[in-house]
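The exercises that follow ask you to read a structural model residue by residue and element by element. Please attempt each task with the sequence and the structure in view before turning to the worked solution.

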Amino acid sequence: MQQNWKIITVLLVFIFVFKMGYSQSNIQFKFYFNHQIWQEDSIYFNSAKEALQINRFMFYTSQWKAINTQNDTIELSKEHYLVNIQDGQSLKLPFQIPVNIKKIIFNIGVDSIKNTTGIQTGVLDPAKGMFWTWRSGYIMAKLQGTSPQANTAGNRFSYEVGGFQLPYNAVRTIVLALTPKQATNQSLTIQTQLDKWFSGKHLIQISENPNCHNAGKLAMQLADNYATIFTISSN
């Protein structure tokens, strides 16, 4: 009997320490355009003063890690997740967040191993609409909508950014620093500023480039841009 109580005590201590080290909330994404909450029916203007509406935005994310205040690297998840602006369930990632962390690190895109090891399942299933061909691989991020400046059928613009082989590797690593106050929060909201898709590092004009459907220079510019769209919410 005494031995059983010792085992129970050890388990209770373990559970207490675990709960002290992790919160129970998920990381979640929220979407904005020019610091306004994104709405599908709203018209926005990019840096080139082009009017546009966004009706689709999807991206893969993976390799989530955290750096704590002791500079330890903590692996959060090796899984790939498909974030879809129109799927509320996909906006919350199902892993726990350590407390007292100072950085969050993650990739946008699908790693080269998954691109070259045959048919994948789950969120990486080609049926998800985020795959080109076995040679060109996965679409890392996709943004689509309409704009009067798009000289295309239906004034549609469509950006599918991919490529996993040098010199056209569209995977980008995101490093987000947290303030001491944010590090103690029980949840983290990542603001996603869609306007920076067109101007984060390179100015992309819909009138000049309404489409991107293959790896290359334009895809690399768009990848550089989407690497800038994420920030930790101050709330």
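**Exercise 1: A strand and its partners**

In this structure, strand β9 is joined by 7 bridges to strand β10 (residues 156-162), and the two run antiparallel. The model is a predicted one. Task: establish which residue of β10 stands opposite L143, in what sense β4 and β9 pair, and how many of the residues of β9 are buried.

Solution. Begin with the pairing to β10, where Y159 is the residue that stands opposite L143. Then turn to strand β4 (residues 51-68), which pairs with β9 in the antiparallel sense over 6 bridges; here Q53 stands opposite T146 of β9. Finally, consider burial: strand β9 spans residues 139-146, and because 7 of its 8 residues are buried, the strand is largely enclosed by the rest of the structure.

**Exercise 2: The chain as a whole**

Task: describe the overall make-up of the protein chain, asking how many helices and strands it has and what percentage of its residues count as buried.

Solution. The first step is the count of elements, which gives 4 helices and 16 strands. The second step is burial, and of the 235 residues of the chain, 45% count as buried. The third step concerns contacts with a separation of 6 or more, of which 71% are accounted for by residues 24 or more positions apart. The last step is the surface: the chain exposes about 12,700 Å², and carbon and sulfur atoms supply 51% of that area.

**Exercise 3: A170 and helix α4**

Task: locate A170, decide whether A170 is buried or exposed, and find which residues beyond its sequence neighbours A170 contacts.

Solution. A170 is placed in the loop between β12 (168-169) and β13 (172-177). Its relative accessibility is 0%, and because buried means under 20%, A170 counts as buried. Leaving aside neighbours within four places in sequence, the residues in contact with A170 are I108, M140, V161, G162, G163, M220, A223 and Y226. Of these contacts, Y226 lies 56 residues from A170 along the chain, with 10.0 Å between the two C-alpha atoms.

Next, look at helix α4 (residues 217-226), which is largely enclosed by the rest of the structure, because 8 of its 10 residues are buried. The buried residues of α4 include M220, A223 and Y226, and these three are also among the contacts of A170.

**Exercise 4: Two residues of β14**

Task: compile the contacts of T192 and of Q193, and state for T192 and for Q193 whether the residue is buried or exposed.

Solution. T192 is found in strand β14 (residues 188-193), and Q193 also has its place in β14. T192 counts as buried at 0% relative accessibility, and Q193 counts as buried at 4%. When residues up to four places away in sequence are not counted, T192 touches F29, K30, F31, Y32, F57, I229 and F230. With neighbours within four places likewise left aside, Q193 is in contact with Y32, F33, N34, H35 and I229. Comparing the lists shows that Y32 and I229 appear in both.

**Exercise 5: The largest pocket**

Task: state how much space lies in the largest pocket, which residues line it, and which strand gives the most to the lining.

Solution. About 150 Å³ of space lies in the largest pocket. Its lining is formed by M58, H80, Y81, L82, N84, D87, S90, L93, V123 and K128. Sorted by character, the lining residues comprise 5 nonpolar, 3 polar and 2 charged. Strand β6 (residues 81-84) gives the most to the lining, with 3 residues.

**Exercise 6: Backbone exceptions**

Task: identify where a cis peptide bond occurs, and say what is notable about the phi of H35 and of K49.

Solution. As a point of reference, most residues other than glycine have a negative phi, and most peptide bonds are trans. The cis bond joins L166 and P167, with omega about 5°, and P167 is found in the loop between β11 (164-165) and β12. H35, although not a glycine, has a positive phi of about 65°; H35 lies in the loop between β1 (27-33) and β2 (36-37) and counts as exposed at 67% relative accessibility. K49, also not a glycine, has a positive phi of about 65°; K49 lies in the loop between β3 (44-45) and β4 and is exposed, with a relative accessible area of 67%.

Key
Residues are numbered from 1 along each chain as its sequence is written. This is a predicted model: local features need pLDDT of at least 70, side-chain atom pairs count only at pLDDT 80 or more; totals for chains, interfaces and linings use all residues. Side-chain values use heavy atoms; hydrogens and water are left out. Buried means under 20% relative accessible area, exposed over 50%, partly exposed in between (1.4 Å probe, protein chains only). Contact means heavy atoms within 4.5 Å. Accessible areas come from the Shrake-Rupley method with a 1.4 Å probe; for residues, only the protein chains shown count as cover. On a 1 Å grid over the protein atoms alone, a cavity is a set of points where a 1.4 Å probe fits but cannot get out, and a pocket is an open set with protein on both sides within 12 Å along at least five of seven lines; lining residues have an atom within 4 Å of a point. Grid points are joined across faces, edges and corners, and a volume is the space filled by probe spheres set on the points. Ala, Val, Leu, Ile, Met, Phe, Trp, Tyr, Cys and Pro count as nonpolar, Asp, Glu, Lys and Arg as charged, and the others, Gly among them, as polar. Two strands pair if DSSP finds at least two bridges between them.
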